[in-house]
Amino acid sequence: MNSAHAAEEPLIEQPVATPDSLRSAVAALEPARLGEFLSDLTAAKADSVKTSSMRPMLAFYAKWSQFAALHRFPKRRERLRRLERTVAEEADPVKNRAAIREISLLLAEVEREING
């Protein structure tokens, strides 16, 4: 975790990558996203059966683990939202690319946090 988040307490601990733990995290962090979570879980399970592969479930776990990591620190969540607004609304390509780079760095930080 970078020093920007060292002083901020997380709202929840980083959940383990299981459907129950991730569901609890989504319910605690952003309950409005539970429908999307359940839809993704259903689709991932069906795709795993259909393809005889764990890849759809692994992608599901990665997506929702990343969601939890991004949203469990309020300042990190707000930073991401500000950057996403900049990307969506900024006409200046230099500022837009800078925001995209910052999002990439934030996602890399989260991946290190999740994967060690």
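This briefing walks through the packing and the charge pairs of the model above. The model is predicted, so local features need pLDDT of at least 70, side-chain atom pairs count only at pLDDT 80 or more, and totals for chains, interfaces and linings use all residues. Residues are numbered from 1 along each chain as its sequence is written, and side-chain values use heavy atoms, with hydrogens and water left out.

**Nonpolar cores**
- The largest nonpolar core (buried Ala, Val, Leu, Ile, Met, Phe, Trp, Tyr and Cys residues joined through side-chain atoms within 4.5 Å) has 14 residues, and L22, F37, M57, F60 and W64 have the most contacts inside it.
- Helix 2 (19–29), helix 3 (34–51) and helix 4 (55–71) each give two or more residues to this core; helices here are DSSP runs of H or I, at least four residues, numbered from the N terminus.
- Helix 4 gives the most to this core, 6 residues.
- Another core, of 8 residues, lies apart from it and includes L80, L83, I103 and L106.

**Helix 2**
- P19, L22, A25, V26 and L29 are buried in helix 2 (buried is under 20% relative accessible area, exposed over 50%, partly exposed in between, with a 1.4 Å probe and protein chains only).
- The face turned away from the buried side of helix 2 carries the exposed residues D20 and A28.

**Salt bridges**
- There are 11 salt bridges, each a side-chain nitrogen of Lys or Arg within 4 Å of a carboxyl oxygen of Asp or Glu.
- D40 pairs with K63, the closest N and O atoms being 2.6 Å apart; D40 lies in helix 3 and K63 in helix 4, so the pair ties together parts 23 residues apart in sequence.
- R76 and E109 meet in a salt bridge (3.0 Å, N to O); R76 is buried at 0% relative accessible area, and E109 is buried at 9%.
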